[in-house]
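Here is a walk through one protein model, from its overall fold down to single side chains. Have the sequence and the coordinates open as you read.

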Amino acid sequence: MTQRAEKSDGSRLYAAVHQLDRFMNRLTDILAFIGMAALIGAIGIVVVDIIWRRIGGQSLVGAVDLTQFCVMAAASWAIPYAFSAHAHVTVDLIGKNRFRAIFGIIDTLIPFLCAGLMAFLLYLSWGRAMEQWNYGDVSQNLAIPMILFWGFLLSGMAISTLVCLVHFLKTLLTNENT
């Protein structure tokens, strides 16, 4: 059993949620790394395109398509990492010390509300992605199927939803054990 599970009276549910949280953290770390590598690739494509324009007098065919593809991967896979790392911006307007109980409830509900929002966006995006799939849309220059672009977005939203749900469960179990 993990050390944290022992601290919480050996709760199997807590241990399972903690293990799932560690898995999601590793997964989002890997996706963020791949996304940032894709962003570096997009920068490289733009640099090569600029150099090619200066030397060859022409633009690199497909540079826009490839850059959009790389940026879509980077942006879509950075979102789950931001949820996992708690890297979103928060603002303390009133003062958490004065209203500690109210903010405790709000802090507990935020991951659940974020999961609901991401699930709703996933639902809406899924419908649009299926339209792209049915129409067989492709990018302008390289004819990259547009469903691949949507695949990054949909996977990012799905993983974000799962990360938020795991954080909600972890917060509930942590508050229950304290």
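What follows covers the fold, the core, two of the helices, the salt bridges and a few backbone oddities.

**Overall fold**

Keep in mind that this is a predicted model. The protein chain has five helices and zero strands, so the pattern along the sequence is simply α-α-α-α-α, going by how the helices are assigned and numbered. The chain runs to 178 residues, and 33% of them are buried. About 11600 Å² of the protein chain is exposed, with carbon and sulfur atoms supplying 67% of that area. As for contacts between residues at least 6 apart in sequence, 74% of them join residues at least 24 apart.

**The core**

Which helices feed the largest nonpolar core? That core has 23 residues, and the elements giving two or more residues to it are α2 (12-56), α3 (63-84), α4 (100-135) and α5 (146-177). The largest share comes from α5, with ten residues. The members that touch the most other members are Met-24, Cys-70, Phe-83, Ala-129, Trp-150, Ile-159 and Val-163.

Phe-83 is a good one to click on. Leaving aside residues up to four places away in sequence, Phe-83 touches His-88, Cys-114, Met-118, Ser-160, Val-163, Cys-164 and His-167. Of those partners, Val-163 is also on the list of core members with the most contacts to other members.

**Helices α2 and α4**

Take α2 to start with. Its 45 residues should span 66 Å at 1.5 Å a residue, and the end C-alpha atoms are 64 Å apart, which agrees. Just after α2, Gly-57 takes a positive phi of about 75 degrees.

Now for α4. With 36 residues at 1.5 Å each, α4 should span 52 Å, and its end C-alpha atoms are indeed 52 Å apart. There is still a kink in α4: about 30 degrees at Leu-109, shortly before the proline Pro-111. Pro-111 is itself buried, along with Phe-103, Thr-108, Ala-115, Met-118, Ser-125, Ala-129 and Gln-132 from α4. Met-118 is thus one to note twice, since Phe-83 touches it under the 4.5 Å contact cut-off.

Met-130 also sits in α4, but Met-130 is partly exposed, at 26% relative accessible area. Its C-alpha atom is 9.2 Å from that of Trp-150, which is 20 residues away along the chain. Just after α4, Gly-136 takes a positive phi of about 70 degrees.

**Salt bridges**

How many salt bridges does the structure hold? There are three, set out here with the separation of the closest N and O atoms.

| Salt bridge | N to O distance |
|---|---|
| Asp-21 with Lys-170 | 2.7 Å |
| Arg-53 with Asp-49 | 3.2 Å |
| Arg-128 with Glu-131 | 2.7 Å |

Asp-21 lies in helix α2 and Lys-170 in helix α5, so this pair ties together parts that are 149 residues apart in sequence. Are its two partners buried or exposed? Asp-21 is buried, and so is Lys-170.

The Arg-53 and Asp-49 pair stays within helix α2, where the two are four residues apart and therefore separated by about one helical turn. Arg-53 is partly exposed, with a relative accessible area of 47%. Asp-49 counts as buried because its relative accessibility is 10%, which is under the 20% cut-off.

Arg-128 and Glu-131 both lie in helix α4, three residues apart, or about one turn. Arg-128 counts as partly exposed at 38% relative accessibility, and Glu-131 counts as partly exposed too, at 36%.

**Backbone oddities in the loops**

Besides the two glycines, a couple of other residues deserve a look. His-86 has a positive phi of about 55 degrees although it is not a glycine. Where does His-86 sit? It is found in the loop between α3 and α4, and His-86 is exposed, with a relative accessible area of 59%.

Ala-143 is not a glycine either, and it has a positive phi of about 55 degrees. Ala-143 has its place in the loop between α4 and α5. At 43% relative accessibility, Ala-143 counts as partly exposed.

Note on methods: Residues are numbered from 1 along each chain as its sequence is written. This is a predicted model: local features need pLDDT of at least 70, side-chain atom pairs count only at pLDDT 80 or more; totals for chains, interfaces and linings use all residues. Side-chain values use heavy atoms; hydrogens and water are left out. A nonpolar core is a set of buried Ala, Val, Leu, Ile, Met, Phe, Trp, Tyr and Cys residues joined through side-chain atoms within 4.5 Å. Buried means under 20% relative accessible area, exposed over 50%, partly exposed in between (1.4 Å probe, protein chains only). Accessible areas come from the Shrake-Rupley method with a 1.4 Å probe; for residues, only the protein chains shown count as cover. The expected span of a helix is 1.5 Å times one less than its number of residues. The bend at a residue is the angle between axes fitted to the seven residues ending there and the seven starting there. A salt bridge is a side-chain nitrogen of Lys or Arg within 4 Å of a carboxyl oxygen of Asp or Glu.
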